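Biologist: I am new to this structure. Please pick one part of it and take me through that part closely.

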Amino acid sequence: MKDYTKPFLIEFPKIGGSALGYISVAENENLPFVPKRLYWTYFTPEEVERGGHSHYDLQQILIAVAGRIQVTTELVNGDKETFLLDKPNVGLYIPKMCWRDMKYTHNAVQICIASIEYDEKDYIRDYSEFLKHGR
Ligand code: T46
C-alpha cells in the first residue's frame with residue numbers, strides 16, 4: 001500500500017507517439033485524492049525561490065508541463081529530498097505537513113492539482129513553527 005505521508009513521483013499515462021504528439025491524463029484511478037482546485041505558475045525568474053511553506057491539510061501534485069522545476073521537500077521528521085521535474089507526464093505528490101522550496105527555469109510552466117480550495121489559514125510559513133510539529 002502506498003505511503004501518503006511522503007512525497008513521491010507519479011508517472012501519468014503518455015498516450016500517442018512522436019509522429020502525432022502525446023496526451024497525458026490525470027483522473028481518479030491515478031490520483032491519490034479528488035482534486036478541488038487547479039492552478040498554474042509561469043515566468044518565474046530563475047533567481048526566485050518559491051514555496052518556503054508547508055500546509056496543514058493540503059495535498060497536491062506538481063507537474064512541469066514545460067521547462068524544469070527543482071523541488072526540495074522536508075517532512076517534520078527531518079527527511080529531506082530533492083526532485084527534478086522535467087517530464088510533462090510525471091508529477092510530484094506532496095503530502096500534508098511537508099515543507100517545500102521550488103526553483104524554476106524561466107520557461108517552466110507548473111501545474112498544481114490540489115486537494116482543497118485556497119485557504120491562507122492552511123499555510124505554515126514560519127519554518128520554526130513547522131519544526132514544532134515534529135516534536
Ligand atoms: C505550493 C506551490 C507549488 C491565491 O490567491 N490562490 C491560490 O490558489 C494560490 C496557490 C495562491 N494565491 C495567492 C496567495 C499569495 O498571495 O497567490 C500568492 C502566492 O501564493 P503562494 O505564496 O502560495 O505561492 P507559491 O508559488 O510559493 O506556492 C504555491 C502553493 O501555494 C503551494 O501550496 O506548493 O505553489
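Modeller: Strands here are DSSP runs of E with at least two residues, and helices are runs of H or I with at least four; both are numbered from the N terminus. By that rule, G21 falls in strand 3, which covers residues 21-24. The model is predicted, so local features need pLDDT of at least 70 and side-chain atom pairs need pLDDT 80 or more, while totals for chains, interfaces and linings take in all residues. Residues count from 1 along each chain as its sequence is written, and side-chain values use heavy atoms, with hydrogens and water left out.

G21 is partly exposed, because its relative accessibility is 29% (buried means under 20%, exposed over 50%, partly exposed in between, with a 1.4 Å probe and protein chains only). From G21 to G91 is 70 residues in sequence, and the two C-alpha atoms are 19 Å apart in space.

Now the frame. The UniProt record, in an unreviewed entry, lists residues 9-132 as "domain: Sugar 3,4-ketoisomerase QdtA cupin". UniProt positions follow the numbering used here, feature names are shortened, and annotations may be inferred rather than shown by experiment. That span is 52% strand and 5% helix. The C-alpha atoms at its two ends lie 27 Å apart.

The part to look at is the sheet that holds strand 6. This open sheet has 5 strands, in the order 1-9-6-11-4, with antiparallel pairing. Its edges are strand 1 (8-11) and strand 4 (37-42); each has a single partner strand, so one side of each is left without a neighbour in the sheet. From one strand to the next, the twist averages 25° (axes are lines fitted to C-alpha atoms, and angles run from 0 to 180 degrees between N-to-C directions). Two strands count as paired if DSSP finds at least two bridges between them. Strands of a sheet pair through backbone hydrogen bonds, either parallel or antiparallel.

Start with strand 6, residues 60-66. Strand 6 is mostly covered, with 5 of its 7 residues buried. On one side, 4 antiparallel bridges tie strand 6 to strand 9, residues 90-94. In that pairing, I61 has Y93 as its bridge partner. Strand 6 also runs antiparallel to strand 11, residues 109-114, and 6 bridges join the two. Here A66 faces V109, and A64 faces Q110.

Strand 11 leads on to strand 4. These two are antiparallel as well, over 6 bridges. In this pair, Y39 stands opposite C112.

What follows strand 4? The loop between strand 4 and strand 5 holds F43. F43 is not a glycine, yet its phi is positive, at about 60°. F43 counts as exposed, because its relative accessible area is 61%. Compare M97, in the loop between strand 9 and strand 10 (98-104). M97 also has a positive phi, near 55°, and is a residue other than glycine. But M97 counts as buried, because its relative accessibility is 17%.

Strand 5 belongs to another open sheet of 5 strands, ordered 8-7-10-5-12 and antiparallel in its pairing. Strand 8 (80-85) and strand 12 (123-124) are at the edges with a single partner strand each, so one side of each has no neighbour in the sheet. Strand 5 (residues 49-55) and strand 12 run antiparallel, joined by 2 bridges. S54 of this pair stands opposite I124.

Last, the ligand. Around it are 16 residues, and the closest are R37, H55, Q60, R100 and Y123 (a residue is near a molecule if one of its heavy atoms lies within 4 Å of it). Three polar contacts (pairs of N or O atoms within 3.5 Å) are worth a look. R37 puts a polar side-chain atom 2.5 Å from an oxygen atom of the ligand. R50 has a polar side-chain atom 2.6 Å from a ligand oxygen. For H55, the distance from a polar side-chain atom to a ligand oxygen is 2.6 Å. Taken alone, the ligand exposes 650 Å², and the protein buries 70% of that (accessible areas come from the Shrake-Rupley method with a 1.4 Å probe; for residues, only the protein chains shown count as cover).

Definitions and conventions:
A polar contact is a pair of N or O atoms within 3.5 Å; within protein, one must be able to donate a hydrogen and the other to accept it, and residues adjacent in sequence count only if both atoms are side-chain atoms.
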